[in-house]
Amino acid sequence: MTAKKTFEQAMVGGIAVKNRIVRSATFEGTAVKGKIGSAILDMHRNLAKGEVGSIITGYFCVSTTDNPAKGTVVITDDSSIPGLTELAQTVHEHGTKLIAQLNHAGAQLFAQPRGPVYGPSDVVDPISGIKPSPFTESQIRELVTEFGDAAVRIQKAGLDGVQIHAAHGYLLSQFLSPAINRRTDSYGGNPENNSRIILEILNEIKTRCGKDYPVWIKLNCSDFHPADKGLTPEDFLVIAKNLAQHGMDAIEVSGGTLSGKYLPSRSKKHSAYHLEYAKQLAGEVEVSVILVGGLRSIDAIDRILSETPVAAISMSRSLIREPGLVKRWMEGDRKDAACIACNGCFNPNGTKCFFTLGEEEKAVQKEIMKFMGSLGKQ
Ligand SMILES: Cc1cc2nc3c(=O)[nH]c(=O)nc-3n(C[C@H](O)[C@H](O)[C@H](O)COP(=O)(O)O)c2cc1C
Ligand code: SF4
């Protein structure tokens, strides 16, 4: 293995990037009637000006069977293309690449659903308490087509690739979880069947956008299910290796769900907390593996990139607090990220660092932080 440097040009997941730092998908919560507006443009401009190599957008809603929360970007028809085009141009102006995250929330909802709620099986969601209707096989085929339609729009708008969100307890992550996926048809019952829908989405996107259009995925290395009944590290390896063999261009390794022993966004006492899993996968596949979760120190990032086969690292919260963090590090101020991993940025009125809020907003936000703190082991 040749040593890699953090701030070098590289190919990551089929995309030529100016450095190996990725902004991990971060829900913006500020779309206006489902469309990209000035708040989302400003957020991404600041990150691109801050020298982030590539940005994965917050999750975009791709299906009419989904129940998007307020402020979600919805790309279920072509009226989304002008906003996406403006976003791509804004980011590209600064030499940063842009990847759209495609998602379906399934039953993991934080607000009242507007329509029917679907999942792999009729298992009650531990967060929303909703019992979804299982997708029929013909609805699965329609959903696969919707993912393909969304990817075509993203490509038309000039973005550099897409990322399929299959982590953190949303729909595709639910398909991968034996605790939730109880199907007895070809979409359930073992890791190969549980991941079939993802393989079909991958094939659909590659067929419609061309085999060279980059498709990334975010996967849990483990659901860290409270009774160890969710996706396990063993299943993760089998599934990730199969996806790599079938043309997935990059695998971002995350972990946990909102009802798991650990949240995907853990407290400050954890750092680089999915490293062992990412390292193992990267040693066994040819495609780019990206590590996310608790990366706050440039010295640690340099070490991971130079001493392991991991191709890139990604960060969310460190870049919410400091969109200019990468530039600061590149200019020689190598102090750790200022983010204290308090999760005060999960804000129903749009993602913002807690420390930028006024006193009244802080009081409301403290209640949400208490709730977040009551989830998982932190
Ligand atoms: C406010 C907020 C919104 C997030 N939204 C998303 C999202 O839309 N899609 C996703 O895959 N992960 C999302 N995440 C999770 C992050 O991408 C990341 O996996 C997690 O926070 C761990 O990385 P970090 O320690 O660098 O924050 C979000 C995290 C935060 C804090
Ligand atoms: S609210 Fe807390 S976790 Fe979020 S960016 Fe600010 S310091 Fe980091």
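For the residue classes used on this tour, Ala, Val, Leu, Ile, Met, Phe, Trp, Tyr, Cys and Pro count as nonpolar, Asp, Glu, Lys and Arg as charged, and the others, Gly among them, as polar. The structure on screen is a predicted model.

Start with the second largest pocket, which has a volume of about 290 Å³. Select M43, I320, T351, K352 and C353, the residues that lie nearest its centre among the 16 that line it. Then colour helix 1 (38-49) and helix 10, since these are the elements that give two or more residues to the lining of this pocket; helix 1 supplies the largest share, 5 residues. Sorted by class, the lining of the second largest pocket divides into 7 nonpolar, 5 polar and 4 charged residues.

Move next to the largest pocket, in which about 1100 Å³ of space lies. Its lining is made up of 44 residues, and a selection of F27, Y59, F110, Y170 and F346 will bring up those nearest the centre. Two or more lining residues come from each of strand 13 (312-315), helix 10 (317-321) and helix 12 (359-374). The class count for this lining is 22 nonpolar, 17 polar and 5 charged.

Now display ligand 1, because the space it takes is the largest pocket. Around ligand 1 there are 22 residues, of which A25, Q101, S265, G294 and R317 come nearest, and by class this shell holds 9 nonpolar, 11 polar and 2 charged residues. Three polar contacts of ligand 1 can be picked out in turn, beginning with F27, where a backbone N or O atom lies 2.8 Å from a nitrogen atom of the ligand. At Q101, a polar side-chain atom is placed 2.8 Å from a nitrogen atom of ligand 1, while at H165 a polar side-chain atom lies 3.1 Å from an oxygen atom of ligand 1. Taken alone, ligand 1 exposes 610 Å², and the protein buries 96% of that area.

Finish at ligand 2, where the space taken is the largest cavity rather than a pocket. Which residues should be selected here as those that come nearest to ligand 2? They are C339, C342, C345, C353 and F354, out of 13 residues around the ligand. The shell as a whole contains 9 nonpolar, 2 polar and 2 charged residues. With C353 still selected, the tour can be traced back to its first stop, as C353 is also one of the residues nearest the centre of the second largest pocket.

Technical notes: Residues numbered from 1 in each chain as written. Chains lettered and ligands numbered in written order. Predicted model: local features only at pLDDT ≥ 70, side-chain atom pairs only at ≥ 80, totals over all residues. Heavy atoms only, no water. Near = heavy atom within 4 Å. 1 Å grid on protein atoms, 1.4 Å probe; cavity = no way out; pocket = protein on both sides within 12 Å on 5 of 7 lines; lining within 4 Å. Sits in = over half its atoms within 2 Å of the grid points. Polar contact = N/O pair within 3.5 Å; in protein donor to acceptor, adjacent residues only side chain to side chain. Areas by Shrake-Rupley, 256 points an atom, 1.4 Å probe, with all protein chains shown as cover. Points joined across faces, edges and corners; volume = space filled by probe spheres on them. Helix = DSSP H or I, 4+ residues; strand = E, 2+ residues; numbered from the N terminus.
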